[in-house]
Amino acid sequence: MTEQPDDSAAPGAPDPVAGSEPTAEPGDGSGLTGALEVLRARLGALRLPLETSGAVAARTDLRRATDQLDDYLLPRLRAQKAPLLVVVGGSTGAGKSTLVNSVLGELVTQPGVLRPTTKAPVLVHHPLDGRWFSTDRVLPGLARVTVSGTVGAAAQSSGTGASRAGAQDGGAPAEPSRTLRLVPSDALPKGLALLDAPDIDSVDTANRELAAQLLGAADLWLFVTTSARYADAVPWDLLLQAAGRKAQVAMVLDRVDPGAEATADDLRDMMVEHGLADSPLFVIPEAELVDGMLPEEGVSDVSRWLTGLGGDAEARGRVIAATRDGVVDSLVVRAGALADAADEQQAADVRLRHVVDRAYGDAVAQVTAATSDGALLRGEVLARWQDFVGTGEFFRAVEEGIGRFRDAVAGFFRGKPKAVPQVEQAIAHGLESVVLDAAEDAAERSYQGWRGDAAGSALLEGLELSRTPAALRAEVAGQIRGWQGDVLELVREQGSAKRGTARALSLGVNGLGVALMVFVFASTGGLTGVEVGIAGGSAVLAQRVLEAVFGEDAVRRLALQARDRLRARIQAVMDGQAARYTAQLDALGSAEAGGERLRAAADAVASAASAERRVRVRAAEAAPAAGAGAEDLVASSGLRGVRARPASESLAKGRTDLAEEPARKGFWKRLFGEADR
């Protein structure tokens, strides 16, 4: 045995060796390939990160749709003369490997009692067809290993004596289940290849997923089951999917005891019931293995069927076209469902963001209300303000007239500068408490809103979002100090513009700034000076002080500017806290997950497919009946059992056409349900 690793290109990359693959068909001439390439790009860009209803199933379908485009549909359209790929699949222990070995007459894949048996898929092809499979034309995600000789199966089973593509230059070898073993055999007709796939119900998850991927890459399924397991749910789930997309399927009922015709009849009834009425059914009787192979007469029907298919280019073309059309139609439907799933992702993103926006928007409104209705001027802030302004000469000046009031303002600021920081500090402490309370409430509301939503709940895992972070207090304190600096700067700018008040301003910038803060906190909108609640008198006094220095219009403008700057800083704090939530969505990109572009791509594929089929029908009607092409005349050693007769004619009851000469005119049309189309 010799094994030769192929220097396969990376998935999706051009073949590194020019001319290494047979010349492919230039395309379908109808834009179908181009439309599918656009659809593939849209599917590749699709993300379904949120745990919406049906998201798990949608992700699985997305992966299978892209696999089928990469592994089968696009390669098939780009190379329509490539050999027909028959994937032999089925349940654990159904006898897939034994069947492949038996029809070929050599051990190319290793059966056994340990499960899973087929650790790496084995693809058997005619020696002249090797170039179709040695590159990444199909199944680009699998490394290639070429196996020569019938004893290669032993290495496949044990994992010894194999070097794999992708392991050169000291790199790590590919996983066995991600390696495609290529076995040339002249027993197969040219233009036909057999792929022995892992069990569809393997105990190994990776094997199960690979089996589904390989079946999705098949032109034709040869599905093997047994008389004991033909009604199992897992195989029928896959068969129903195949029927739904009109994939071509042939069934093999293995290990049937003599006299058990009812089993075959029951399976045939199930096939009719599940949309596989046109699929052929082969029955293999229970028999002792000789050198690891079934008796020739046991596999004769399958061998003659495969031989006839390999020798009839027209039949192969019909099988390929039927499966390809079914896959295209299925992809259009699946893409529509995936677009709906994408829309649901986008809707969930909007819903979760709305929860956060509403919670933190309410927090800003809560702080705004607390800083405009006098509530902030209770307690320590009010006490410090009253200590600052006093109750003696300053209030008498307010009561007796504006002239003496202005003199009192100047004297007051000259005499009590040390009291200003106490008021500023009290304001800062009070405002800080209001902001932190509002942020804490918003965090709790956002957390509860997300926890009650499946999409949001999954994002909360491992994150401490129900409470505000410890660093928030320092951030809020910094923003408040910044706002107080803004207020003083406003007062300073306004004073420097009024020559008559420059001296008073120079003596009392901090005091006037405090007065402006009190006025902002205690007056609705900072416009009227009307008493509001317990701090109304303080607001009137602050307004009188400011108007005495700057005038009524200037005070109104200063109050509006101070309020706007405070709101902007509070908004910045709340936006930062809200971003703890929304950043989770931003990182996932769920806001851009809408399905509109995917839906448009699916519509374009449907239109292109319809046009391509019209062209194909017209071409078929115009073309004369073709005989066997030169490529079909390449001799093969022949599949084992072609000339043998079935061991028990009764087991094939109702399917006499399977025992007839497969080259007979019209046989394949009837076999694949084409006679009535």
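The following exchange concerns a predicted model.

Colleague: On what basis are features of this model reported?
Modeller: Residues are numbered from 1 along each chain as its sequence is written, and side-chain values use heavy atoms, without hydrogens and water. Because the model is predicted, totals for chains, interfaces and linings use all residues, whereas side-chain atom pairs count only at pLDDT 80 or more and local features need pLDDT of at least 70.

Colleague: Is R324 buried or exposed?
Modeller: R324 sits in helix α10 (residues 313-370); helices are DSSP runs of H or I with at least four residues, and strands are E runs of at least two, numbered from the N terminus. Buried means under 20% relative accessible area, exposed over 50% and partly exposed in between, with a 1.4 Å probe and protein chains only. Since its relative accessibility is 4%, R324 counts as buried.

Colleague: With which side chain does the side chain of R324 make a polar contact?
Modeller: A polar contact is a pair of N or O atoms within 3.5 Å; within protein, one must be able to donate a hydrogen and the other to accept it, and residues adjacent in sequence count only if both atoms are side-chain atoms. Leaving aside neighbours within four places in sequence, the residues in contact with R324 (heavy atoms within 4.5 Å) include Y72, R76 and R616. The polar partner, at 2.9 Å, is the side chain of E612.

Colleague: Which element gives the most to the largest nonpolar core?
Modeller: A nonpolar core is a set of buried Ala, Val, Leu, Ile, Met, Phe, Trp, Tyr and Cys residues joined through side-chain atoms within 4.5 Å. The largest has 72 residues, and L36, L73, L195 and W221 have the most contacts inside it. With nine residues, the element that gives the most to this core is α10.

Colleague: Why does the span of helix α6 agree with its length?
Modeller: The expected span of a helix is 1.5 Å times one less than its number of residues. The twelve residues of α6 (residues 205-216) should therefore span 16 Å, which agrees with a distance between the end C-alpha atoms of 17 Å.

Colleague: Which residue caps the N-terminal end of α6?
Modeller: Among the buried residues of α6 are N207, L210 and L215, and what covers the buried residues includes α2 (55-78) and β7 (220-226). At the N-terminal end, a side-chain oxygen lies 2.8 Å from the backbone nitrogen of A206, and the capping residue is D204.
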